[in-house]
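Me: I'm at home with gels and columns, less so with models. Could you walk me through how to read this one?

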Amino acid sequence: MSPKNIVKCILCDMDGVLRIGTQPIPGVQNIFYYFEELKIQPIIITNECRYTNKKVYDDLKNMKILKDDTIPLITSANVCKTWLENYMYSNNFRYDKFNVCVIGEKGLQENIKAIKSNNLSINSVWELDNRTQNIIILGSLFNYTENHKKIIKQWLSNTSTLIVKTCDDNADPESNCILPNTILHKFNKVADVNVGKPDINFSQEVNRLLKQMDLSHIDSNEIMLVGDTMNTDIKMGIGLGYKTTLVLSGNTKIYDLKTYSYSPDYILPSLDFIKKIL
Ligand SMILES: [Mg+2]
């Protein structure tokens, strides 16, 4: 293991790496200053979809993890917006209307509402029309109500409904919400599309951002992905040829590692320890 790495960009997961709930993980409060000193570009990447980007920035600033809104942030709600825009664009010859039901909190709702298209209808009622594509988007929820259950049941009972989920996570370190996989499991269904890490929809959004920031020349092995979850963060990082660092401050314990057929390049107690390998 080489003690020092050439890293030009760090893709940093949020929950379990920077914070758990409203608590910063010890040592992270000066980490972005440290990246700045080393001229490393950080990007926060999260499967969290419940909050708007503004709310995430405000929370991270309140916890003194960030000083302002300048560090780029990609949430799975942002990726969902891009995915739906692209899907509608490439399928507009087949359908006149995209009837979309959004089961999620404000972050997801606002991202989908921000799409400007005359073909998009945001609706909770499924529609029978062969020129209409019904799409249900499932995000994480604070409260899973009887009304949610009724709506989801109606949409999922029609096999032509396209099912989209915002993440593939099975646990969140805060454990205060119901995740899309849990909802789908109740209906014995699987999603057709995943927009969260480790899916290609998420990595394409990362690549788009790197290009926009004029950073697409960075070699993949000069990018490091830091996360606390093996099957989302580390899997995506390995798939893209990035260096990967698993931190044990979130939902993975060291003894969990033997259940995976792949392993990260580095395992650290928390993000603060990254100073030892940069
Ligand atoms: Mg995490």
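Reply: Sure, starting with burial: a residue is buried if 20 or more other C-beta atoms lie within 10 Å of its own, exposed if 12 or fewer, and partly exposed in between, with C-beta atoms placed from the backbone. Helices (H or I, at least four residues) and strands (E, at least two) are DSSP runs, numbered from the N terminus. Helix H8 (residues 230–239) has seven of its 10 residues buried, so it is largely enclosed by the rest of the structure.

Me: Before we go on, what kind of model is this, and how are residues numbered?

Reply: It's a predicted model: local features need pLDDT of at least 70, side-chain atom pairs count only at pLDDT 80 or more, and totals for chains, interfaces and linings use all residues. Numbering starts from 1 along each chain as its sequence is written.

Me: Back to the helix, then. Which residues of H8 are buried, and what covers them?

Reply: The buried ones are Met230, Thr232, Asp233, Ile234, Lys235, Met236 and Gly237. For the cover we use contacts: two residues are in contact if their C-beta atoms, placed from the backbone, lie within 7 Å. The cover includes strand S1 (9–13), helix H7 (200–212), strand S11 (223–227) and strand S12 (243–247). Just after H8, Gly241 has a positive phi of about 80°.

Me: How do I get a feel for the whole chain?

Reply: Try the radius of gyration, taken over C-alpha atoms; the globule rule is 2.2 Å times the number of residues to the power 0.38. For 278 residues that rule puts a compact globule near 19 Å, and the protein chain agrees because it has 19 Å. Its C-alpha trace spans about 60 × 40 × 40 Å along the principal axes. The chain holds eight helices and 13 strands, and 40% of its 278 residues count as buried. Among contacts with a separation of 6 or more, 73% link residues 24 or more positions apart.

Me: How is the chain divided into domains?

Reply: Domain bounds come from an automatic or database domain assignment. Here that gives domain 1 (9–76 + 199–276) and domain 2 (94–194). Their centres, taken over C-alpha atoms, are separated by 26 Å. At the contact between them, 17 residues of domain 1 meet 18 residues of domain 2. The domain 1 side of that contact has three nonpolar, 11 polar and three charged residues. In that count, Ala, Val, Leu, Ile, Met, Phe, Trp, Tyr, Cys and Pro are nonpolar, Asp, Glu, Lys and Arg are charged, and the others, Gly among them, are polar.

Me: Now sheets. What is the strand order in the open sheet of five strands?

Reply: Two strands pair if DSSP finds at least two bridges between them. The order is S7-S6-S8-S9-S10, with parallel pairing. Strand S7 (120–122) and strand S10 (193–194) are the edge strands, each pairing on one side only.

Me: And which strands pair with S8?

Reply: Strand S6 (residues 97–103) runs parallel to S8, joined by seven bridges, with Phe98 opposite Gln133. S8 also pairs with strand S9 (residues 162–165) in the parallel sense, over four bridges. On that side, Ile135 sits opposite Leu162. From S8 the chain crosses through helix H5 (residues 146–156) to S9, a right-handed β-α-β crossover. Right-handed means that, with the strands pointing away from the viewer, the path from the first strand over the helix to the second runs clockwise. As for cover, six of the seven residues of S8 (residues 132–138) are buried. Further along the sheet, S9 and S10 are parallel and joined by two bridges, where Val164 stands opposite Val193.

Me: What about the loops? Which residues other than glycine have a positive phi?

Reply: Asn188 is one of them, with phi near 60°. It lies in the loop between H6 and S10, and Asn188 counts as exposed because it has 7 other C-beta atoms within 10 Å. Asp214 is another, at about 65°. That residue is in the loop between H7 and S11, and Asp214 is exposed too, with 8 other C-beta atoms within 10 Å.

Me: Where is the cis peptide bond?

Reply: Between Lys197 and Pro198, with omega about 5°. Pro198 belongs to the loop between S10 and H7.
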